[in-house]
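Colleague: Could you take me through one helix-helix packing in this model, slowly and with the cut-offs spelled out? I would also like to see what surrounds that part.

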Amino acid sequence: MADPAWSLPLRIRWDEELLLVTGDGALPGCPVPAPGMPLCEALGVDAATASALDARGRRGGGVEFVRTSTGPTGVPRWLRVGVAPAGAAVEARVHDLGPLLEGAPPLQISRLSSSLSHELRNPLSSVKMAVQTLSRNEGLSPRDQRRLTIALREIRTLERMLWMLSEYGREGPLALDTWALPDLIQDSVALIEQDLAERNVRLELAADEGLPRVRSDGVRLRPVLAQLLLNVASSLQEGQPLLVSLRRSERGAGVELLDEHAALGPGDEERVFEPFGSRLARGAGLSLAALRRVLQQQGGDVVAATAVPPARGVLFSLDFARAS
């Protein structure tokens, strides 16, 4: 099937020095690829992103969503990059997602997200069952067990991404209930417990006394909140606690979560909550958009701001409406 006009791909191959060997096509605003051109220049990304794509390709390949340093109008864009090993080289097929998403109404993006989630969930479930069956084989070597553990971890990552796609495309009403905020946080952490255990990261709650109960649809909120918690935990050192502060707020009660290894650029305070627009996202960039959407639907909100010195990083503040 021919590629849609919005996604005419760039096909490139590069060597161990991250220099192009071959190239076919070009991205808007980027030079036509030529042998010897640095990979970062061909894609319009920084050197660290180029190195990460190379490493992913040499580990067996996969799909990554990366953000360019600039676009044809000076605005960064999102690229879908499928990488695969090719002998001593790595090859990639690159699609510019900008023409698809720019100007698309929220409803169109929601339907696209819902459709993608539905189409991918069944095959992923089959892969998960096969890997789980293999992992129960007692005759496996420690090395193979480790490989299966990594495979299951990546499957969980894909499952969470599909949930974000599904959540952003969901249009039904919320089923609001009354929650104690610490319980809501604990239940959210339970969804990523295995991932935290593998990183030796534990939750540490600091809560004001006498917090009011809040209203929330726990089924829809917990997965998107869990993804934010996991994003922050992923940047922590092994054994470092995941600190979550619970405070009173004008609406009722709030959650504060500091990501010390993130940074906001000019105008990013709102851009990070746009679908596929977050430079902070680990993945496709839907988790923060889905989190804000769910919170706003239940009378709350979430904002991001640069931390006040001497703290550093990005402070996420989630606000929950008081239960009536």
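**The α8 and α10 packing**

Modeller: Gladly! Helix α8 (residues 218-234) and α10 have axes that come within 9 Å and cross at roughly 140°. Axes here are lines fitted to C-alpha atoms, for helices over the stretch in contact, with angles from 0 to 180 degrees between N-to-C directions. Helices (H or I, at least four residues) and strands (E, at least two) are DSSP runs numbered from the N terminus. The two helices are therefore oblique to each other, a class left over once angles under 35 degrees (roughly parallel), over 145 (roughly antiparallel) and 65 to 115 (roughly perpendicular) are taken out.

Contact means heavy atoms within 4.5 Å. On the α8 side the contact includes Leu221, Val224, Leu225 and Leu228; α10 contributes, among them, Leu288, Leu291, Val294 and Leu295. The contact residues divide into 9 nonpolar, 4 polar and 1 charged.

Turning to the surroundings, α10 (residues 287-297) also lies across β11 and β12, at about 135° to β11. Those strands belong to an open, mixed sheet of 5, ordered β7-β9-β10-β12-β11. Its edge strands are β7 (203-207) and β11 (301-306), each pairing on one side only; pairing needs at least two DSSP bridges between two strands.

Please keep in mind that this is a predicted model, where local features need pLDDT of at least 70 and side-chain atom pairs 80 or more, while totals for chains, interfaces and linings use all residues. Residues are numbered from 1 along each chain as its sequence is written, and side-chain values use heavy atoms, without hydrogens and water. The pLDDT (the predictor's confidence in each residue, from 0 to 100) averages 82 over the protein chain.

Methods:
Nonpolar A, V, L, I, M, F, W, Y, C, P; charged D, E, K, R; others polar.
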